[in-house]
Amino acid sequence: MTSENSAPAPVVYLDHAATTPMHPEAAQVLTEQLARTGNASSLHASGRAARRVVEESREVIAECLGARPSEVVFTSGGTEANNLAIKGLYWARRDADPARDRVLFSSIEHHALLDPVTWLAAHEGARIDTTPVDRQGRVVVERLREQIEADPASVAVVTTMWANNEMGTVQPVDDVVALAREHAIPVHSDAVQAAGYLPLDFAASGLDAMTVTAHKLGGPVGVGALLVRREVAPVPLVHGGGQERDLRSGTVGVALIAAFARALEITVERQAQVSARIERLRQRLVTGLLRVVPDAVVNGDPEPGPQHRLPNIAHVTFPGCEGDAMLMLLDAQGIEVSTGSACQAGVPQPSHVLLAMGYDDAAARGSLRLSLGHTSTEADVDRLLAALPQVRERAVTASLVRGR
Amino acid sequence: MARLVAAMSGGVDSAVAAARAVEAGHDVTGVHLALSRNPRSYRSGARGCCSIEDAGDARRAADVLGIPFYVWDMSTEFADEVVDDFVAEYAAGRTPNPCLRCNEKIKFAAVLDRALALGFDGVVTGHYALLETGAGGDVELHRAQDAGKDQSYVLGVLTQEQLRHSHFPLGGSVKTDVRAEAARRDLQVATKPDSHDICFVADGDNAGWLAERLGPRPGTIVDEDGTVLREHDGAYAYTIGQRRGLRLGVPADDGKPRFVLDIEPVSGTVTVGPRERLLVDVLEADRPLWCGPAPDGPLECTVQLRAHGAEHRAVVEVDGDLVRVRLHDPAEGIAPGQAVVVYVGTRVVGSATITATSRVEVGVGDGR
C-alpha cells in the first residue's frame, strides 16, 4: 500500500504474456489503414486496394512463419483460431469416418483450447483424453504414444501447445507430430505464446494447423490467424461470405491485419536480439528474486533455449502466500503482474497447469507469473526486486490470517 | 488519511460509502467479496450480493471513483461460517440471522483481518449506523439517523477492536439522499433496487432452499394438547410466530388463527396455538458480544429482537456467557437463534443469541 516515492513512478509492466505493448510501427500502420475505405471483397478499385493490403499482409505473415500465403486464415484472435482448429478438425475427421471420435490434448492447454475440447465432449459425443505432463510442465510423449496406440483409428485430432502460457515450458511438438504422423492423425498447436519469442517454421514443424495472435507480439487485439495446411479442411465455425478460404466468414479487418503483419515482421526481424536481451533480464530477475526471497521456487524448465522454455516468463511459487494478495500489493506500487491462472468473476482459480504438474492447491494459489517483453528494462526488474520482500511478508501475514 | 478497504457489494449504499471515504481524503481500495464458489449457484440478478452482475456493478462504481478494485475470494469462509451455520441452526429448530453472522465472521473478521495484514487501516462499508467517540475514548456504535434504514442491529456483534477499524459513512444520511448523491456522482447503481431477504437464498424461498440441503424430515404439527393436526416434510420450514402457510385444514375450536409456538427439532414436532401464547417476557441468551465493556449489574435498557423490529424496554443481566433479558412488556414471536441486541438510548451495548424464551407466570422450561 505504501508508495515510497512522492512522485508516482512509471508503471512496471510485467504481464507481457497477457498482452504486450504494440510496436509503434504497427500502431502507425493500424491508424493509417483505419482511414481506408474499401471492403476487401468488393470488385471495384477501393475493394481491390483493400484486398491488396490484406494479401500483402498475408504474404508477410506466411513468410515470417514458414507458411504459404494460402495457409494463413485470419480470425478474430487466438481463441477463435483454436476453436476453428479443434472443432473444425474434429468434425471434418469424424465426417470422413464416424469411428474417429477421440480428441487428445495436453493437460496444460489454455482455456481457449480446453473449453472447446470439453464442449465437444459435452455436445458432440467426443471422447477426450488428457495427456499428462511432467514436473516441468512438458507433455510426456510416451504417454501420448500409449493413448494413440490404444486405438489409433479412433483419434480425430491431437493438439499440444507450442509453449505454455503460465510456465513458458516449450512442448515437444516435433515428437508429437512424428508420433501422430505414423497414424496419419492431424496435429494442431497453439503457438500464441511462442510466436513472439521463438522462431517458428510451420512447414518444417509438420503441423496441420497452428494458432497465432497479433496482440501477444506487438500487434493489435482482435486479430489472429490459424495456419492450416492446404490439404487440410476443418469444418468452419462461422458461415457466411466465405472470405477466408471458405474456412472463416466475415469481412476481413484490413487495418488489423496490416498491423498484425507489421508487428510480426518487426518481431521476427529483431527476435534473436530481443529474445537474448529478455533472457538476460529474466536471469537478472530470477537471480535477484532468489536472493531477496530465498524460499521462492521458480517453476518449469530452468534451461534456456527454444527447446526448453520461453525467455520471457518466470513462474514463481512463494510458499505460504496467496498470489492474489501479492498481485494487489504490487499493483498498489505500480508493478503489474499476473497470478497466471484463469479468473472466474475476478477470483483467481487454482492453476490447472500447476495442478497438472503435480503441485498442490496451496502452491497453485501461491504463485505469480512474471512475464517480460520487448519494452522491459533492468529498471523494471529492479523495481520488482525492491518491492518483493515487504510484499511477500505482508502476503504471508494475510495468508496466516486466513488460515486461522 | 487512512488506507481503507471499501467492501463493495455492487449496491448503491456501499458505492456511496466508498465515494465518501475517497472524498474524505482516505486512500481507498474497492473490494468485492466473492461469497459463492460458483457465482451462479446462489441468487442471480440484482438483488443479492454474490452474482457476477453485482461484481460488475461494484467494479464500475470503483472505476467511476478512480480507485483500485479487486475481488476477494471469501467463498470458503462464507460457506463454513455463514451458510453451514444457517443450515445447522434451522436443523436445530432455531431461526438464525445470517447477516449478523456474516458481519461477525466475514466482513469485520476475515475481511478486516486480511485488510490489516495487507497494510490497510480499516474497512468502510455502506451500513447505516453511526460511530462516535465515547467519554473514555472508546468507539461507540449508535443507531443511524435514518430510523427506517438503521442497521445497527446487524452490527451488534462487533467488538471494540472491530469498531475501531470500521467506517460507516452513511450513518448520518437518509436513503433518498444517498440515492440522489449516487446519481450526482454518476454512479450507475443509483437506481439499482435494494437487496432484500438472504443473499444466498435464491428467490427468497427459504423453505425450499433448506429442503434441498436438509432433505425431507417428516414430522407433525400438533396443537397444545398434542393432537396431531397434520404431517409436514420438515420443521425447518417453520418459524416461531408464523401464521401463514400452516395449511391446518380444520379451524381451531374457537375459530381463531393459530401460530407456531414451538419447534422441537429432534422429533420435528411443530406446536401451534393461539396468538396470546406467543407472548414472552423472559429471554435467555448466550454467545454475548459486547461493543465495549460488558454490562456490570442489571442494566435498564432497550432491546431489539429482529432486524427492523421494535424496541422493547428491558432489564439485562449478564452472568459470564449467559445473558438474561426481562422485558417490561411481553413481546411475541421470539425464536431461539435470533439475536437480542441491547441498546442504551441510541448506543449499541452488544448482542447475544437467544436460546430460550418464557413467560414469567408460565415459567422457563415450557420448551420454548
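**Close-up 1. Strands β16 and β17 of chain B, paired antiparallel in this predicted model.** Six bridges hold β16(B), residues 339-344, alongside β17(B), residues 347-358. To find your place in the ladder, look for B:V340, which sits opposite B:A352 of β17(B). The two strands make a hairpin with two residues between them. Check the backbone at B:G345 while you're there: its phi is positive, near 65°. So how enclosed is β16(B)? Five of its six residues are buried, so the strand is largely enclosed by the rest of the structure.

**Close-up 2. The other neighbour of β16(B) is strand β13 of chain B.** Here β13(B) and β16(B), residues 339-344, run antiparallel and are joined by three bridges. B:T302 is a handy landmark, with B:Y343 as its bridge partner in β16(B). B:T302 also has a bridge partner in β14(B), namely B:R313. That makes B:T302 a good residue to centre on if you want both pairings of β13(B) in one frame.

**Close-up 3. The hairpin of β13 and β14 in chain B.** Strand β13(B) covers residues 299-304 and β14(B) covers residues 311-319. Their pairing is antiparallel and runs over six bridges. Between the strands come six residues, and B:H308 in the turn has a positive phi of about 60°. Most residues other than glycine have a negative phi, so a positive one is worth a second look.

**Close-up 4. A three-stranded open sheet in chain A.** The order is β9-β10-β14, with antiparallel pairing. Which strands sit at the edges? They are β9 (297-298) and β14 (367-371) of chain A, each pairing on one side only. Zoom in on β9(A) and you'll see two bridges to β10(A), residues 313-317, again in the antiparallel sense. In that pairing, A:V298 stands opposite A:V316 of β10(A).

**Close-up 5. A patch of negative charge on the surface of chain B.** Four residues gather here: B:D225, B:D253, B:D254 and B:E276. B:D253 belongs to the loop between β9 (228-232) and β10 (258-264) of chain B. Is B:D253 buried or exposed? With a relative accessible area of 88%, B:D253 counts as exposed, because the cut-off for that label is over 50%.

**Close-up 6. B:R247, a residue with positive phi in the β9-β10 loop of chain B.** Staying in the loop between β9 and β10 of chain B, move to B:R247. Its phi is near 45°, a positive value in a residue other than glycine. B:R247 is exposed too, at 65% relative accessible area.

**Close-up 7. A:A184, another non-glycine residue with positive phi.** This one lies in chain A, in the loop between α6 (173-181) and β6 (187-190). The phi of A:A184 is near 55°. Where does A:A184 fall on the buried or exposed scale? Its relative accessibility is 57%, so A:A184 counts as exposed.

Definitions and conventions:
Residues numbered from 1 in each chain as written. Chains lettered and ligands numbered in written order. Predicted model: local features only at pLDDT ≥ 70, side-chain atom pairs only at ≥ 80, totals over all residues. Heavy atoms only, no water. Patch = residues over 30% accessible without salt bridge, like charges linked within 9 Å, V, L, I, M, F, W, Y side chains within 5 Å. Areas by Shrake-Rupley, 256 points an atom, 1.4 Å probe, with all protein chains shown as cover. Salt bridge = Lys/Arg side-chain N within 4 Å of Asp/Glu carboxyl O. Lys, Arg positive; Asp, Glu negative; His and termini not counted. Charge placed at Lys NZ, Arg CZ, Asp CG, Glu CD. Helix = DSSP H or I, 4+ residues; strand = E, 2+ residues; numbered from the N terminus. Buried < 20%, exposed > 50% of the residue type's maximum accessible area, 1.4 Å probe, protein only. Pairing = 2+ DSSP bridges.
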